[in-house]
Amino acid sequence: MIKNAIRTILNSEAVLSIKDYFFINPRFYTKIPYGGSCSDLFPWRESAEWQTRFNLYNISSLQFPDLNLQEKVQWVVLDSNGTVLLRESFILDPFEKRLLLFGDFLKNKHGFGSFYVIHEPLKMNAFYQAKICLSERGYVAFRDLHTGPDKIWKYIHGNSSAVAQDTRTNGNARFLRNVFRKKFFYQPQMPFDDCESSDIFIMNPTEKKMDFKLIYFDKINNPIQEYTLCVEPRASQIHRITKHEVSRIANESAIFLNRPIVFKYYKHNIDILHA
């Protein structure tokens, strides 16, 4: 009984918050609800140069193929300021796939930002019993209309769980990433001097205004320049690198493993990848 009481106290929100504050076995994410849904935070770009598309799948029927599950899907698109630009709901039949072309929904609204997807099976009992949280970790595709004659779609997967919603209670979606006093230093394992220019696409997956420091290094690892980007809650920014002496970069923030998306521009091609 005493052990159970101690365990209850140690697992209380107050104690866990204190441990987070002092970085003692911290929680990098807030608790994800069983029977709910979580989603990666995905980037989007739409303009005269850029097109974005995304494939929706009924992932409930993939998890329980014998239950013939329909699924309600919420697709939420945020603009670069973190404001909801578009909110659409779909009913997907078992194993259905649906292609979302951003241009068809945004109606010539150009810009960039982020989006997430919440899945809700219309029969929930199996998920409550199995203590499952449906996760959207799909692939978003980009096409640069001004690069090369083929205009091939380039795919990149999501960038860690960022948003969750308790679909049992119809609660509001909430952002999952915790913010710490400690600063985390992250170095992408890729060169930046093998292309003509690059875009660093930064998304703030929190409800707090965040500073993101970018540090440039030359070929012999000497720091060249630093930039600090102040990004509003849920907002996005794009930072262009045009200096050819920049061989690699690093970023620093109060979010664990906060990896930006990198768009690399070559003479006749582009590459898109996680930093």
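## A walk through the predicted model

A nonpolar patch of about 320 Å² lies on the surface, made by Y57, L62 and F95. The structure here is a predicted model. Start with F95, one of the patch residues. F95 sits in the loop between β5 (84–92) and β6. Its relative accessibility is 48%, so F95 counts as partly exposed.

Follow the chain from that loop into β6, which takes us to a sheet. Four strands make up this open sheet, in the order β6-β3-β9-β10. Their pairing is antiparallel. At the edges stand β6 (97–101) and β10 (154–157), and each pairs on one side only. On average, neighbouring strands of this sheet are turned by 25° against each other, direction ignored.

Now look inside the sheet. Strand β3 covers residues 50–57, and strand β9 covers residues 139–144. The two run antiparallel and are joined by 5 bridges. Which residue of β9 does F54 face? F54 stands opposite V140.

Next comes a second sheet. This one is also open. It has 4 strands in the order β13-β18-β15-β16, with antiparallel pairing. The edge places belong to β13 (184–186) and β16. Each of these has a single partner strand, so one side of each is left without a neighbour in the sheet. From one strand to the next, the twist averages 20°.

Within this sheet, β15 and β18 run antiparallel, joined by 5 bridges. I215 gives a point to look at: its bridge partner in β18 is A250.

The strand β15 also leads to a set of charged contacts. Side chains of opposite charge can pair when their charged atoms come close. How many salt bridges does the whole structure hold? A search finds 9. K213 takes part in two contacts described here, one with E226 and one with E252.

Take the contact with E226 first. The closest N and O atoms of K213 and E226 are 3.8 Å apart. K213 lies in strand β15 (residues 210–217), while E226 lies in strand β16 (residues 223–231). The pair therefore ties together parts that are 13 residues apart in sequence. K213 is partly exposed, at a relative accessible area of 25%. E226 is partly exposed too, with 49% relative accessibility.

Then turn to E252. Here the closest N and O atoms of the salt bridge with K213 are 3.8 Å apart. E252 belongs to strand β18 (residues 248–253) and K213 to β15, so this pair ties together parts that are 39 residues apart in sequence. E252 is partly exposed, and its relative accessible area is 24%.

Other charged groups lie elsewhere in the chain. E96 and R98 meet through their side chains in a salt bridge, with 3.1 Å from N to O. E96 has a relative accessible area of 21% and is partly exposed. R98 has 28% relative accessibility and counts as partly exposed. A further group is a network: salt bridges link R45, D199 and R240.

Two cysteines deserve a look. What keeps C38 and C133 from counting as a disulfide? A disulfide needs the two sulfur atoms within 2.5 Å. The sulfur of C38 has its closest cysteine sulfur in C133, at 3.9 Å, which is too far for a bond. Seen from the other end, the closest cysteine sulfur to that of C133 is the one in C38, again at 3.9 Å. The count of disulfides comes to 0. Is C38 buried or exposed? C38 is buried, with a relative accessible area of 2%.

One last stop is K72. This residue is found in strand β4 (residues 71–79). With 32% relative accessibility, K72 counts as partly exposed. Along the chain, K72 and D93 are 21 residues apart. In space, 9.1 Å separates their C-alpha atoms.

Definitions and conventions:
Residues are numbered from 1 along each chain as its sequence is written. This is a predicted model: local features need pLDDT of at least 70, side-chain atom pairs count only at pLDDT 80 or more; totals for chains, interfaces and linings use all residues. Side-chain values use heavy atoms; hydrogens and water are left out. A salt bridge is a side-chain nitrogen of Lys or Arg within 4 Å of a carboxyl oxygen of Asp or Glu. Buried means under 20% relative accessible area, exposed over 50%, partly exposed in between (1.4 Å probe, protein chains only). Two strands pair if DSSP finds at least two bridges between them. Axes are lines fitted to C-alpha atoms, for helices over the stretch in contact, and angles run from 0 to 180 degrees between N-to-C directions. Patches are made of residues with over 30% relative accessible area and no salt bridge: like charges are joined within 9 Å, nonpolar side chains (Val, Leu, Ile, Met, Phe, Trp, Tyr) within 5 Å. Accessible areas come from the Shrake-Rupley method with a 1.4 Å probe; for residues, only the protein chains shown count as cover.
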